[in-house]
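The following exercises ask the reader to trace individual residues through a structure and to justify each assignment. Each task is followed by a solution worked in steps.

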Amino acid sequence: MKKKVVLIQAAQMEGEKVKKVEKSYIVSRTMPYLAALFAEYSHGDWEIVLIDDYLKGEYPFDETADLYAITAMAATLDRAIQIGEILKRKNPQIPVIIGG
């Protein structure tokens, strides 16, 4: 059975709210690179799910996984930490990695 990794691109915060957009015109290179590395080095043993937090709609915090990896920059770090905290509360046994 394949393991599952959820790769999350954190959005910016506007005060207490998450900044959402209709379309993402600037694609982060991090997500495709990480997905490609997982695919190549896991020899197909991992299912890879990509989530862009900028896009409209609520993040599916019920997405189960064996590993959560959140990518962030200085401008998105607050949201990345918020996502990580929510995921750890729901699934304390599952590793959450934040990097950027």
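**Exercise 1. A lysine and a threonine**

Determine which element holds Lys4 in this predicted model, and state whether Lys4 is buried or exposed. Then describe how Lys4 meets Thr64.

*Solution.*

Step 1. Lys4 is found in strand 1.

Step 2. The relative accessibility of Lys4 is 15%. Buried means under 20%, so Lys4 counts as buried.

Step 3. Beyond residues up to four places away in sequence, Lys4 touches Trp46, Glu47, Val49, Glu63, Thr64, Ala65, Asp66 and Leu67.

Step 4. With Thr64 there is also a polar contact: the Lys4 side chain reaches the backbone oxygen of Thr64 at 3.3 Å.

Step 5. Thr64 belongs to the loop between strand 4 (46-52) and strand 5 (67-71). Its relative accessible area is 51%; exposed means over 50%, and therefore Thr64 is exposed.

Step 6. With neighbours within four places in sequence left aside, Thr64 is in contact with Lys4 and Val6. The C-alpha atoms of Thr64 and Lys90 are 9.7 Å apart, while 26 residues separate the two in sequence.

**Exercise 2. The sheet**

Give the strand order of the open sheet of four strands, and identify which strands are its edges.

*Solution.*

Step 1. The order is 4-1-5-6, and the pairing is parallel.

Step 2. Strand 4 and strand 6 (96-99) each pair on one side only, and these are the edge strands. On average, neighbouring strands of this sheet are turned by 20° against each other, with direction ignored.

Step 3. Strand 1 and strand 5 are joined in the parallel sense by five bridges. Within this pair, Val5 is opposite Leu67 of strand 5.

Step 4. Strand 5 and strand 6 also run parallel, with four bridges between them. Here Tyr68 is opposite Val96, and Ala69 is opposite Ile97.

**Exercise 3. The two faces of strand 5**

How many residues of strand 5 are buried, and which of them point one way and which the other?

*Solution.*

Step 1. Five of the five residues of strand 5 are buried, and the strand is described as mostly covered.

Step 2. Leu67, Ala69 and Thr71 point one way, whereas Tyr68 and Ile70 point the other way.

Step 3. Tyr68 and Ile70 are among the residues that touch the most other members of the largest nonpolar core, together with Val6, Ile8, Ile83 and Leu87. This core has 15 residues. Strand 1, strand 4, strand 5 and helix 2 each supply at least two of its residues, and the largest share, four residues, comes from helix 2.

Step 4. Leu67 and Ala69 belong to another core, apart from the largest one; it has six residues, which also include Val5 and Met31.

Step 5. A general tendency applies here: in soluble globular proteins, nonpolar side chains tend to be buried together.

**Exercise 4. Helix 2 against the sheet**

Which strands does helix 2 (residues 77-90) lie across, and which residues does Ile70 touch?

*Solution.*

Step 1. Helix 2 lies across strand 1 (3-9), strand 5 and strand 6, and runs at about 175° to strand 6.

Step 2. Residues up to four places away in sequence not being counted, Ile70 touches Ile8, Ala10, Ala80, Ile83, Gly84, Leu87, Val96, Ile97, Ile98 and Gly99.

**Exercise 5. A salt bridge**

Which side chains meet in a salt bridge, and where in the chain are the two partners placed?

*Solution.*

Step 1. The count of salt bridges comes to one. Its partners are the side chains of Asp53 and Arg79, at 2.7 Å from N to O.

Step 2. Asp53 is in the loop between strand 4 and strand 5, and Arg79 is in helix 2; the pair is 26 residues apart and links distant parts of the chain.

Step 3. Asp53 has a relative accessibility of 2% and so counts as buried. Arg79 is likewise buried, because its relative accessible area is 5%.

Step 4. In general, side chains of opposite charge can pair when their charged atoms come close.

**Exercise 6. A positive phi angle**

Locate His43, and state whether His43 is buried or exposed.

*Solution.*

Step 1. His43 is placed in the loop between helix 1 (30-41) and strand 4.

Step 2. The relative accessible area of His43 is 69%, so this residue is exposed.

Step 3. Phi of His43 is near 55°, a positive value in a residue other than glycine.

Definitions and conventions: Residues numbered from 1 in each chain as written. Predicted model: local features only at pLDDT ≥ 70, side-chain atom pairs only at ≥ 80, totals over all residues. Heavy atoms only, no water. Buried < 20%, exposed > 50% of the residue type's maximum accessible area, 1.4 Å probe, protein only. Contact = heavy atoms within 4.5 Å. Pairing = 2+ DSSP bridges. Axes fitted to C-alpha atoms, helices over the stretch in contact; angles between N-to-C directions. Core = buried A, V, L, I, M, F, W, Y, C linked by side-chain atoms within 4.5 Å. Polar contact = N/O pair within 3.5 Å; in protein donor to acceptor, adjacent residues only side chain to side chain. Salt bridge = Lys/Arg side-chain N within 4 Å of Asp/Glu carboxyl O.
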